[in-house]
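Student: Could we go through this structure term by term? I would like each label set against its definition.

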2 protein chains.
Amino acid sequence: MPSYQAPVDEVLFLFNDVFNWSSYAELPGFADAPMDVVEAILTEAAKLAEDQFQPVNMIGDREGCVRNADGSVTTPKGFKAAYDAFKAGEWLSLPASPTYGGQGLPATLAAMVNEFIQSANMALSMYPGLTQSAVAAINVHANDDLKAIYLPKMISAEWSGTMNLTEPHCGTDLGLLKTKAVRKADGSFAITGQKIFISAGEHDLTSNIIHLVLARIEGAPSGTKGISLFIVPKFIPDAAGNPGLRNGVTLGSIEHKMGIHGNATCVMNYDGATGWLIGEENRGLNAMFVMMNEARLGVALQGLSQSVVAYQNAAIYARERLQGRSLSGVKAPDKVADPIIVHPDIRRLLMTMRAYNEAGRAFIVWAYLKSDVVHRSSDKACVQAADDLLGLMTPVLKGVLTDIGFQSAVDAQQVFGGHGYVGEWGMEQFVRDARIAMIYEGANGIQALDLVGRKLPKDGGRAIMAFFKEVGTFLKTHAETKELASLLPPLNEGLQCLQKATGWFMQNAMAKPDNAGSGSYDYMNLLGHVTMGYMWALMVQAAEARFAEGRCEADWVAAKRTTAAFYMQKIMPQTKLYLARIEAGSETLMAMDADAF
Amino acid sequence: MPSYQAPVDEVLFLFNDVFNWSSYAELPGFADAPMDVVEAILTEAAKLAEDQFQPVNMIGDREGCVRNADGSVTTPKGFKAAYDAFKAGEWLSLPASPTYGGQGLPATLAAMVNEFIQSANMALSMYPGLTQSAVAAINVHANDDLKAIYLPKMISAEWSGTMNLTEPHCGTDLGLLKTKAVRKADGSFAITGQKIFISAGEHDLTSNIIHLVLARIEGAPSGTKGISLFIVPKFIPDAAGNPGLRNGVTLGSIEHKMGIHGNATCVMNYDGATGWLIGEENRGLNAMFVMMNEARLGVALQGLSQSVVAYQNAAIYARERLQGRSLSGVKAPDKVADPIIVHPDIRRLLMTMRAYNEAGRAFIVWAYLKSDVVHRSSDKACVQAADDLLGLMTPVLKGVLTDIGFQSAVDAQQVFGGHGYVGEWGMEQFVRDARIAMIYEGANGIQALDLVGRKLPKDGGRAIMAFFKEVGTFLKTHAETKELASLLPPLNEGLQCLQKATGWFMQNAMAKPDNAGSGSYDYMNLLGHVTMGYMWALMVQAAEARFAEGRCEADWVAAKRTTAAFYMQKIMPQTKLYLARIEAGSETLMAMDADAF
């Protein structure tokens, strides 16, 4: 069975040394979480993940969720107990608004807690994960009455939330959705239609389930401009705020999926279910986007989380599995064979995962800190700058880190050879679980299109220009920094590729939109890889400072140096490939008739 | 449910136009299979694949194989009938020796039949696939008595075969194996031990199962030099050659695997089972290598086969699924949305699969023709030249085409969005099935090591030099060929990268073997990608000739041109990345202590 150890120290390094946590102290919530408090919280979160979530991960995969004859769902053995431990620890309330019972701590801190529990058990973590997204949407768009009814119970994890967007004929293109809402005399709506792929749509972990549902009000315009967002509780809260009448929303079936079997992915049938409008009429997509942007960062975290746990297990196996001898001479003469970690090709897999994991986590922390600034700072210039970069990078984080999460799971599985393909080692579960993150919350191709079509040209390219300036300034400032000498030229080459690619889009994409589409995926990767290279430079700089101050072991800083050098030498060259593909344009993609495929 | 259509015309194009089938007519077997016979055979094979194998593929995944209380195995519903159709069609005998009831037709032709049935149903095709490999090993190494007993029944598909190498503590490193063989008075041996991951180890498709088993004879040296190969039938043939006494080999359990559920992957227990030595004592690995080389090409075909069927289904879905509008303006104004094939990023996925599939198939045909030359030609120089290239390319085909097979399955699944993740569309099965091909018959990292450690330096690099010469001559010969003008410069650049990388190995790998290991995977990819580029050049040349002679439609040749151009512009630039990684050497890979991972 796989194991998991939450990387508490790595997170502390990022918070304290790389991103200077104390410099955020004036933002609401940060003052309540100085580094010693952060460490205590992360240590507790690690226990929750390691002791409660991880032990039931494989059981969840094997048992899956069962639909009972009465339409109720039984989650896998042990899920309820683990969820109750999560609820008892008030983990969901950590970043939530104190007005509704939240602790108001930084979202960045909550994100790292989420990394831990998702590494330990992705399927189980999705139940509270969806609640967090729903809380975000309700918090921004619902009126105070609805907030007062729903938020305290959701923030306490007593009730859970869902997102209902997809219908059988539409996922990406929500303008096609058919679910209808009919206004009732009391101001509520009767919702009717079918939704599919609803994660956590029905289960036995909470006493109520709060569905956020996109539907079209009778008479509303067709397309995306006629969609509204509704809150539709499974049980309608009574006057005391407790679950009351059963609402007209029922489970159709549970999907049979490749992975995340422990999470009930449901077909939900709405049959005149009572719902209340959230936000403005016909502006539902707008309201849902709040939820989706939160969710996209959450999915990026899922990618990271699966990569991390897969790596940990592959590293352990590579140290223990004895097979063959080192090419450079026997390394373990007392054993029947050397551990396979002596082989360069095994290390190629491990180093690749490792380099991505550390850079990916830094990238996520960097982004979440911007999210905290956006939501908590009163300095408008700071908010705008943070919002620009957060908006630009959200699709990149989602697309790139979930691709990497899957690739790492596959690579880690490969380290196990045939044992990786059979269920008992648990490695193939990581592959199947990680796969969904590339698809939901907007397939990664859609993220790439969002990036080049919307985020990149927004405000005249202000966000990407700010990024160029930030990295460019770093390169100039550290031109003479000895410790970074071997890292900065490759970073600079990556940045050059990115700038050339950006220029190419400016020149070629306006006149011919297919050029934007044809290079979008490569551009997403290019931006993500340059950013992760920048993260490595920041990490080495901070690690060297830590070492100089005697706050770490020589081995620790050496591992940082080596992994950074690996990233620059073996991974950063990919940026040239991305640029070459972008510059090759759309011609060969678009030439063939659809029927010729 | 997915569909499948066997690409008969594409195979005919390769045989006839690209590789000049008639030029092989003097080799035994080829004269019996002129193009019209080939076409008839492939057309029948297509029917078998489409009508018998494909319809039970998804059932096979859902039902899996069941171990009964008596240790017997029931294969999924419909597998027996499909296998019987295969047996009745005498498909297994197609390339086998006429001495033992085979038809003696070209292995190249049999390979294409295998592509079809594997695309249709990989798990089912593995049963006869393993028999084919076992037949090859028996044919080369067993004495005439054993051949006479086993080959006719195996070639008729009445009995099946298996390969028993792996034990719980050893897969790659067979020198560690513990299964023992004790010589008996009658010259047979008593085999005792446990083998794992035995594909088709026990099942209900045939009346006997012939296990080829690696074991160590009492008193034999330790390590790889003390391993012998034995034939161990499930039922010992009686005097009439029919299944007689039940032998001491039994099913321990069936592994729970990520995919290929329809194939029983077994733990086999040998408890004094009677076996007969095949080949020389202590030379069992050598004998097994014959089987493994056959099997590696077969696994390369599996990679191709999954890529092809995944592509076909993704292309159909992309033409039918309506979602969003084209960036360059509405394409289907009469529909609620455009089919997603209008989007460049969907085409990026489809074109990548397509470009790899056609080049991969050409690469395989090229290799199998060399195999036919090796086994059938009496011209020693021709045999040596073919054997050199076949030996060099076997690990490349296995490693690169199975990686591509998996990647294509993942990409095809992505085209389906959320529908790709649920079972009913069948796309996630292709991903799970394709995954094993990267692992078994030597994990792909082992293929890469075999390439740079053994095949590349063999005979002073004679094979790779011959390949350089072949491609170089082609480039020179066609320097003025107008139709190839845009394809040859990228091919030449790829070749330059390959030559540089080869030179780098010569200079750096001898002194420091870890340099070979660290660049091995990239070198395997580099060689594979240059070869596939060369295949594209050959295909375009042949397609243009066909068009000039009026033997094809303009659309068909245009698709070839476009796909070739796509390969050169979007895929061939990967060769520079592979070279850059190789030249970065092993330092960052090997620097860290094992404990630091």
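Student: What does the side-chain oxygen of Asn121(B) reach at the start of H6(B), and how do you know that it is within range?

Tutor: That oxygen comes to within 3.4 Å of the backbone nitrogen of Ala123(B). A polar contact is a pair of N or O atoms within 3.5 Å (within protein, one must be able to donate a hydrogen and the other to accept it, and residues adjacent in sequence count only if both atoms are side-chain atoms). The distance for Asn121(B) and Ala123(B) therefore falls inside the limit. One caution: this is a predicted model, in which local features need pLDDT of at least 70 and side-chain atom pairs count only at pLDDT 80 or more, while totals for chains, interfaces and linings use all residues. Residues are numbered from 1 along each chain as written, chains are lettered from A and ligands numbered from 1 in written order, and side-chain values use heavy atoms, leaving out hydrogens and water.

Student: How do you know that the length of helix H6 of chain B agrees with its 20 residues?

Tutor: Helices here are DSSP runs (H or I, at least four residues; strands are E, at least two), numbered from the N terminus. The expected span is 1.5 Å times one less than the number of residues, so residues 122-141 should cover 28 Å, and the end C-alpha atoms are indeed 28 Å apart.

Student: Where does H6(B) bend, and by what angle?

Tutor: At Pro128(B), by about 25°. That is the angle between axes fitted to the seven residues ending there and the seven starting there.

Student: What makes H6(B) largely enclosed by the rest of the structure?

Tutor: Of its 20 residues, 15 are buried. Buried means under 20% relative accessible area, exposed over 50%, and partly exposed in between (1.4 Å probe, protein chains only).

Student: Why is Arg432(B) called buried?

Tutor: Its relative accessibility is 5%, so Arg432(B) is under the 20% cut-off. The residue sits in helix H12 (residues 427-435) of chain B, and its side chain makes polar contacts with the side chains of Asp61(B) at 2.7 Å and Glu428(B) at 2.8 Å. Contact in general means heavy atoms within 4.5 Å. Leaving aside neighbours within four places in sequence, the contacts of Arg432(B) include Met258(A), Tyr421(A) and Arg432(A).

Student: How many residues does the contact between the chains take from chain A and from chain B, and what area do they bury?

Tutor: Each chain gives 89 residues. Chain A and chain B bury about 7,600 Å² between them, 62% of it on carbon and sulfur atoms. Tyr421(A), Lys570(A) and Phe597(A) supply 12% of what chain A buries against chain B, more than any other three residues. Buried area is the accessible area (1.4 Å probe) lost on putting two parts together, summed over both.

Student: How many salt bridges and how many polar residue pairs are counted between chain A and chain B?

Tutor: Zero salt bridges, but 44 residue pairs in polar contact, both at pLDDT 80 or more. A salt bridge needs a side-chain nitrogen of Lys or Arg within 4 Å of a carboxyl oxygen of Asp or Glu. By this rule, there are 52 over all chains.

Student: What makes Glu10(A) and Lys560(A) a salt bridge?

Tutor: Their N-to-O distance is 3.0 Å, so the pair is inside the 4 Å limit. Glu10(A) lies in helix H1 (residues 8-18) and Lys560(A) in helix H16 (residues 554-571) of chain A, 550 residues apart. Both Glu10(A) and Lys560(A) are buried. These two join Arg354(A) and Glu358(A) in a network of salt bridges.

Student: How do you know that Glu358(A) and Arg354(A) are about one helical turn apart?

Tutor: The two are four residues apart in helix H9 (residues 344-376) of chain A, which means about one turn. Their salt bridge has an N-to-O distance of 3.7 Å, and both residues are buried.

Student: Is Lys482(B) exposed or buried, and what does Glu483(B) count as?

Tutor: Lys482(B), at 67%, counts as exposed, whereas Glu483(B), at 39%, is partly exposed. Their closest N and O atoms are 3.9 Å apart, so this pair also meets the salt-bridge rule.

Student: What is phi at Glu441(A), and where is this residue found?

Tutor: Phi is positive, about 55°, although the residue is not a glycine. Most residues other than glycine have a negative phi. Glu441(A) is in the loop between helix H11 (427-435) and helix H12 (444-455) of chain A, and at 18% relative accessible area it is buried.
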